[in-house]
Amino acid sequence: MTAPSDALNRKALFLRACRSEPVERVPVWMMRQAGRYLPEYRAIREKHSFLTVAKTPELAAEVSLQPYRRLGVDAVIVFSDILIPAEAMGAPIQLGDAGPVIDSPIRTAAQVEALGVFDPERETRFVGDAIRQLCRALGDDVPVLGFAAAPWTLACYLVQGNSRDGFPAAKTLMLNEPRLFRRLLEKIALATAAYLRAQIAAGAAAVQLFDTWAGELDLASYRDFEWPATQLLISELAAGDTPVILFAKNSSHLLDLLATTGAGVLSVDWRQDLAALRERFGRRVALQGNIDPCTLFAPPEVIARAARHAVEQTRGLGHILNLGHGILPETPPDHALAFVRAGQSAPVAAAASIAAASSPNAAQPLEETSVAMRLTPSPSPRT
C-alpha cells in the first residue's frame, strides 16, 4: 500500500484546519503512528536499538515515513522521544520499549542548577537532520511535525526516574519545595523552546507539546505550576505562523486553562465531547482527536463509524482527526488504515455553514496572565 496520489495538498489542508478555516475534509494522523504495530518498523528494530534509530537521521526518517507509505496519513511526525532533551540538558537516560529510566533522578537544587539550556544544533542536531530529510522526501505537499514534552511531563520523568502511576516523587518535590520545582519547570521550558525552534527552522510545519501527565495535577496545582511554565515555553518559542498543538491527557478539569496557554490547537482524549468543546471555545482554538485507541481493535465498520462520528461532532471545523492517545502496539495495520480512510472520506459542513455556525464571538477568551508573571504562583486560594 502506498500513499494516495491525489492532488490534495496535505500541508495546506493541515494548516487550514489548525487555523479553523474551511476545509474540504479533515486531515488525519495518529499519535505514535511510527511504531511497533507496523511490521516494517519491527524489522528495523530487530537490527537497531530504539536510541540508535532515534539518533540516526536516516533511520528516524525511514520509520517516520512508514505510516505515510502504508496508510496515507496527512501528516508525518518525526520519530524521536520526549526524553531526548532531558539527556541533552545533562540527565543521562536509558530509552527502550519498556519505558525510560533516568540514571540519576533530579531531587536537589544542585542537580536542578546543573541542568543546562543546550544548543539544539549541536547536542540534538540528529532531530533537525531527520526533519530536513523528511522535508526533502515529502516536498511541499505533506506537513512534517516536530514535538517535545511539556514542562510538567518532562519533569515527572526527571524527578521520578521512570514511569510510575501518579509520579509521587515529582509531586512531593513540587509540594515540599515549590520554588525549586518552579525553577526546574522554567529551565525545562526555556530549553524546550530552543529545541522546538530548531525543529521549526529545520522545516517542521507544526509542533506538538505532549503534556501526557497533566491530568495527574489538580486544577490549582496546574494553575500555579504547569500553566505558567507552558505559557513561558510557548512565548519563548515565538512560533509565529507555525501552529503549536498541545496534548493533555485526562484533562477535562483543565480545559479553560489549556485554552489560554498560547497553543492554537488542543489535542484531547476520548473522554471529551468534541461537540461540546467546539461550542465552548468557538473558533478560538482548533481541536485534535479524539478516538479511543482501543477502538482500533473493533471491526472496520465500527472503526469507520467512530471516525465519522468524531467529524460530525465538529462538522469538520478546526478539527484534525486523531486518536486520544498513542496507537497501541497490538493494533492491526489494516484497522489503522480503516480509521484513516474513514476520517478522510467523512463529510464536513459546507464552508458557508461553517462560517455561520462559528462566529468568533461564540466563546470569549479568558483573561490571560502577563508573561512577566510566568512562574509566580497565583494568589488565588487552592481548591
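This passage describes the sheet, one bent helix, the internal spaces and the cysteines of a predicted model. Residues are numbered from 1 along each chain as its sequence is written, and side-chain values use heavy atoms, with hydrogens and water left out. Because the model is predicted, local features need pLDDT of at least 70 and side-chain atom pairs count only at pLDDT 80 or more, whereas totals for chains, interfaces and linings use all residues.

Seven strands (DSSP runs of E, at least two residues, numbered from the N terminus) are arranged in an open sheet with parallel pairing and the order 1-4-5-6-7-8-9. Its edges are strand 1 (76-77) and strand 9 (319-323), each of which pairs on one side only; two strands pair if DSSP finds at least two bridges between them. Three parallel bridges link strand 7 (residues 265-267) to strand 8 (residues 286-291), and Val265 has Ala286 of strand 8 as its bridge partner.

Helix 11 (residues 219-237; helices are DSSP runs of H or I, at least four residues) bends by about 40° at Glu226, with a proline, Pro228, following within four residues. The bend is the angle between axes fitted to the seven residues ending at a residue and the seven starting there. Of the 19 residues of helix 11, 16 are buried (under 20% relative accessible area, 1.4 Å probe, protein chains only; exposed is over 50%, partly exposed in between). Ala238, which follows helix 11, has a positive phi near 50°.

Internal space was examined on a 1 Å grid over the protein atoms alone, where a cavity is a set of points at which a 1.4 Å probe fits but cannot get out, and a pocket is an open set with protein on both sides within 12 Å along at least five of seven lines; lining residues have an atom within 4 Å of a point. Grid points are joined across faces, edges and corners, and a volume is the space filled by probe spheres set on the points. One cavity of 30 Å³ or more is present, and the largest has a volume of about 40 Å³. Its lining includes Pro120, Glu121, Tyr195 and Gln199, and helix 7 (125-138) and helix 10 (178-202) each supply at least two lining residues. The largest pocket holds about 1000 Å³ of space. Among its 36 lining residues, Arg32, Arg36, Phe50, Ser80 and Asp81 lie nearest its centre.

Zero disulfides were counted, a disulfide being a pair of cysteine sulfur atoms within 2.5 Å. Cys156 is buried, at 0% relative accessibility, whereas Cys294 is partly exposed at 44%.
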